Amino acid sequence: MFKILVIDRCYFTRSGLESWLNQPDLFPASFLVTALHNLMLAKEHIVQWQPDLVIADLHGFKNEIHHIQQLASFFSVCSDPTQVMLLESGEDAQLSEFCAQFAIQATLLKTEPLEKLAKIIDAMVLARPIRAIPKIATPLLTKQEEKVLTLWMEGNNNQAIASNLSINGKTVYTYKRNIRMKLGMGNRFTPFLSLPENSN
């Protein structure tokens, strides 16, 4: 059993890859696949879950990545034995140049044929030892905490988040405190340190 983490902004890519990777007749090895749409959550998930393979579309996050340290810290948790494949939705010379300094086993565009992708995934995971006892992935944040974090990162205040999720404003405060503790955030401004400044 191999653990694969898919990181992509696109819901359809995440669910499509999960479904495709779980076809028993397509791959000789069996996979435990989980998918995320948030780089901050992905970094923490890699530390906790220790996947064998990370498949990421960093190009999809390029408008959210405003400090190289954010990417560098992501790659720092993807060290050996985790293998990294970039399955990009586009090309960006600056992003490619930065990623070249890290140990990335494969880089492909999403337009590549699935047969080619399958061969590369097979080669990458079969080069690793099989886990004897599969571990169940437990998310670092609850589903509700993930919703709160997403709305928070979009700039919504506590009342807007409470209204959107049909919960009390004080409950939002509690969720935010729990999120900060679980993600090791120093203060309530930490999630926004890498966001772009408003040009208005």
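In what order do the elements of the protein run from the N terminus on? The points below address this and several local features of the predicted model.

1. Overall architecture. Starting at the N terminus, the elements follow the order β-α-β-α-β-α-β-α-β-α-α-α-α. The protein contains eight helices and five strands. Its chain has 200 residues, of which 42% count as buried. Among contacts between residues at least 6 apart in sequence, 70% join residues at least 24 apart.

2. Nonpolar cores. The largest nonpolar core comprises 35 residues, and those with the most contacts inside it are Ile7, Ile46, Leu58, Phe74 and Phe75. Helix α2 supplies the largest share of this core, five residues. A second, separate core has 22 residues, including Leu21, Ala29, Leu87 and Ile121.

3. Helix α2. This helix spans residues 39–49, and its buried residues are Leu39, Leu41, Ala42, Glu44, His45, Ile46 and Trp49. The list thus holds Glu44 and His45 alongside Leu39 and Ile46. Leaving aside residues up to four places away in sequence, Ile46 touches Leu5, Ile7, Pro51, Val54, Phe74, Val77 and Cys78.

4. Ends of α2. At the N-terminal end, Asn38 acts as a cap, with a side-chain oxygen 3.0 Å from the backbone nitrogen of Leu41. After the helix comes Gln50, which has a positive phi, near 50 degrees.

5. Asp52. This residue lies in the loop between α2 and β3 (53–56). Is Asp52 buried or exposed? Its relative accessible area is 1%, and Asp52 is therefore buried, the cut-off being under 20%. A polar atom of the Asp52 side chain is placed 2.7 Å from the backbone nitrogen of Lys3.

6. Packing of α6 and α8. Helix α6 (residues 143–153) packs against helix α8 (residues 169–183) at an angle of about 95 degrees, the two axes being 10 Å apart. The two helices are therefore roughly perpendicular. On the α6 side, the contact is made by Gln144, Glu145, Val148, Leu149 and Trp152. The α8 side contributes Tyr175, Lys176, Asn178, Ile179, Arg180, Lys182 and Leu183. Classified by residue type, this contact has six nonpolar, two polar and four charged residues.

7. Points for inspection in the model. For α2, attention may be given to Ile46, one of the residues with the most contacts inside the largest nonpolar core. In the loop that follows, the pairing of the Asp52 side chain with the backbone nitrogen of Lys3 may be viewed together with the burial of Asp52.

Conventions. Residues numbered from 1 in each chain as written. Predicted model: local features only at pLDDT ≥ 70, side-chain atom pairs only at ≥ 80, totals over all residues. Heavy atoms only, no water. Buried < 20%, exposed > 50% of the residue type's maximum accessible area, 1.4 Å probe, protein only. Helix = DSSP H or I, 4+ residues; strand = E, 2+ residues; numbered from the N terminus. Polar contact = N/O pair within 3.5 Å; in protein donor to acceptor, adjacent residues only side chain to side chain. Axes fitted to C-alpha atoms, helices over the stretch in contact; angles between N-to-C directions. Parallel < 35°, antiparallel > 145°, perpendicular 65-115°, else oblique. Contact = heavy atoms within 4.5 Å. Nonpolar A, V, L, I, M, F, W, Y, C, P; charged D, E, K, R; others polar. Core = buried A, V, L, I, M, F, W, Y, C linked by side-chain atoms within 4.5 Å.
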